[in-house]
Amino acid sequence: MGKRSAGFGLALTRVRAALGLSQESFGARIGVSRRTLTRWEIYDELPPVGQRKHLATSLPDAPPELRAALVRTLQLDDAFIAPLVEPPPAPAPSTAALDGAFLALCEQVELAPGRMRAGLVAFLRRAEAMGLSLEATRAGLEPKPARRPLRP
């Protein structure tokens, strides 16, 4: 048997299950036989380096957390893995920055901060309850470019 990696087989199985693929169809997708895939999943046997790199980059539709776990088990150089693993989330803005942006908004619409805050919080809670992210909410609120009328 080849080189082994603790957790590789389980990580690979989880990615395959998340994609809803059988061993045969998953193997065909990544270019190996069902027998080879079974060996990888059961015995944590690592493929050759070239196949590991292919495996690390060929599953963009896998859930990010499962894909990152799989990539970490492939025993590749850190320089190769770094761009593949999801970057950490950006730090949350400071309270002072949020307060400043909120006060600027209040001045722009000429409303007292107390009245504006309650309405804004209620709006954001409704958007969140509907399953909208902050980005989706913002995109839905941004003005659409005006269409120019066609000339006869």
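R39 comes out as partly exposed in this predicted model, with a relative accessible area of 31%. Its side chain meets that of E45 in a salt bridge, at 3.1 Å from N to O. E45, for its part, counts as buried at 8% relative accessibility.

This pair belongs to a short list: a search of the whole structure turns up three salt bridges. Another one joins R16 and E41, whose closest N and O atoms sit 2.7 Å apart. R16 lies in helix α1 and E41 in helix α3 (residues 34–43), so this salt bridge ties together parts that are 25 residues apart in sequence. Buried or exposed, then, for R16? R16 is buried, its relative accessible area being 14%, and E41 also counts as buried, at 11% relative accessibility. With a cut-off of under 20% for buried, the values of 14% for R16 and 11% for E41 both fall on the buried side.

The salt bridge between D61 and R29 has an N to O distance of 2.5 Å. Here D61 sits in the loop between α4 (49–57) and α5 (64–73), while R29 is part of helix α2 (residues 23–30), so the pair links parts that are 32 residues apart in sequence. Neither end needs much digging to find: D61 is partly exposed, with a relative accessible area of 47%, and R29 counts as partly exposed too, at 34%. As a general point, side chains of opposite charge can pair when their charged atoms come close.

Now for the empty space. The largest pocket has a volume of about 350 Å³. Which residues line the largest pocket? The lining is made up of T95, L98, D99, A101, F102, L105, R117, L120, V121 and L124. Both α7 (95–109) and α8 supply at least two of these lining residues, with α7 giving the largest share, namely six residues.

As for enclosed space, the structure holds one cavity of 30 Å³ or more. The largest cavity contains about 40 Å³ of space. Its lining consists of I30, V32, W40, Q51, H54 and L55, and the largest share of that lining, three residues, comes from α4.

On the outside, F123, L124, L134 and L141 make a nonpolar surface patch of about 380 Å². The patch draws on two helices, as α8 (113–129) and α9 (134–141) each supply at least two of its residues. L124 turns up twice in this account, once in the nonpolar patch and once in the lining of the largest pocket. L141 has its place in helix α9 and is exposed, with a relative accessible area of 58%. Since exposed means over 50% relative accessible area, the 58% of L141 clears that cut-off.

Finally, a word on confidence. The protein chain has a mean pLDDT of 83, and 86% of its residues reach 70 or more. Where among the elements does the mean pLDDT peak, and where does it bottom out? Helix α1 (residues 8–19) has the highest value, 94, and helix α6 (residues 78–81) the lowest, 67. Helix α1 is also the element that holds R16 of the salt bridge with E41.

How values were computed: Residues are numbered from 1 along each chain as its sequence is written. This is a predicted model: local features need pLDDT of at least 70, side-chain atom pairs count only at pLDDT 80 or more; totals for chains, interfaces and linings use all residues. Side-chain values use heavy atoms; hydrogens and water are left out. pLDDT is the predictor's confidence in each residue, from 0 to 100. Helices (H or I, at least four residues) and strands (E, at least two) are DSSP runs, numbered from the N terminus. Patches are made of residues with over 30% relative accessible area and no salt bridge: like charges are joined within 9 Å, nonpolar side chains (Val, Leu, Ile, Met, Phe, Trp, Tyr) within 5 Å. Accessible areas come from the Shrake-Rupley method with a 1.4 Å probe; for residues, only the protein chains shown count as cover. A salt bridge is a side-chain nitrogen of Lys or Arg within 4 Å of a carboxyl oxygen of Asp or Glu. Buried means under 20% relative accessible area, exposed over 50%, partly exposed in between (1.4 Å probe, protein chains only). On a 1 Å grid over the protein atoms alone, a cavity is a set of points where a 1.4 Å probe fits but cannot get out, and a pocket is an open set with protein on both sides within 12 Å along at least five of seven lines; lining residues have an atom within 4 Å of a point. Grid points are joined across faces, edges and corners, and a volume is the space filled by probe spheres set on the points.
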